[in-house]
Amino acid sequence: MDNLYETSRPRVTSDMLPKYMGSLVTLLGVVQPDSISANGDKLKISTKPNGEGLIEIQLRTALNELLEDMVEVTGKVNGQGSVECMEYKALKSEADFDFDAYNGALKFMHNYPDLN
């Protein structure tokens with residue numbers, strides 16, 4: 001999937017998904033406990049504090065690793081608030097992530113695209 005990163009794609013939150021139906025996007029979220037399907041081809045992430053802003057992620061192949069904590073997902077937005085994952089990156093951090101600040105920055109960037 002090297003060419004996946006050759007074109008730009010927006011970073012989005014769950015609230016922004018309807019605007020990008022059928023498009024490639026990148027999401028940052030927390031894997032929800034017990035959300036990985038039995039065969040490992042689906043999981044849910046939250047893009048907001050307290051497990052809110054849930055997005056179902058459909059994987060092309062079953063997971064071969066345990067995903068927990070934060071993950072960055074790049075994929076195509078499908079219907080019903082789901083994303084077909086093209087690639088994901090597990091992120092490890094000792095510090096708490098401030099989703100309110102991150103989502104505020106994304107909203108600002110989407111509201112003022114000429115400032116990018």
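Ring pairs join Phe 97, Phe 99 and Tyr 102 into a cluster. The model in which this cluster appears is predicted. Its chain contains 1 helix and 6 strands, arranged along the sequence as β-β-β-β-β-β-α. The radius of gyration is 14 Å, close to the 13 Å that the globule rule gives for 116 residues, so the chain is as compact as a globular protein of that length.

**Aromatic residues**

- The whole structure holds 3 aromatic pairs.
- Phe 108 and Tyr 112 form a tilted aromatic pair, with 5.0 Å from centre to centre and 45° between the planes.
- Phe 108 is partly exposed because its relative accessibility of 46% falls between the limits for buried (under 20%) and exposed (over 50%).
- Tyr 112 likewise counts as partly exposed, its relative accessible area being 46%.

**Dimensions and packing**

- The C-alpha trace of the chain extends over about 45 × 30 × 25 Å along its principal axes.
- Buried residues make up 35% of the 116 residues in the chain.
- Among contacts in the chain with a separation of 6 or more, 52% are between residues 24 or more positions apart.

**Surface and charge**

- The exposed area of the chain is about 7200 Å², of which carbon and sulfur atoms contribute 48%.
- The chain carries 11 positive and 18 negative charges, and the mean positions of these two groups lie 7 Å apart.

Definitions and conventions:
Residues are numbered from 1 along each chain as its sequence is written. This is a predicted model: local features need pLDDT of at least 70, side-chain atom pairs count only at pLDDT 80 or more; totals for chains, interfaces and linings use all residues. Side-chain values use heavy atoms; hydrogens and water are left out. Helices (H or I, at least four residues) and strands (E, at least two) are DSSP runs, numbered from the N terminus. The radius of gyration is taken over C-alpha atoms; the globule rule is 2.2 Å times the number of residues to the power 0.38. Buried means under 20% relative accessible area, exposed over 50%, partly exposed in between (1.4 Å probe, protein chains only). Contact means heavy atoms within 4.5 Å. Accessible areas come from the Shrake-Rupley method with a 1.4 Å probe; for residues, only the protein chains shown count as cover. Lys and Arg count as positive and Asp and Glu as negative; His and the chain ends are not counted. The place of a charge is taken as NZ of Lys, CZ of Arg, CG of Asp or CD of Glu. Rings of Phe, Tyr and Trp (its six-membered ring) pair if their centres lie within 6.5 Å; planes under 30 degrees apart count as stacked, over 60 as edge-to-face and the rest as tilted.
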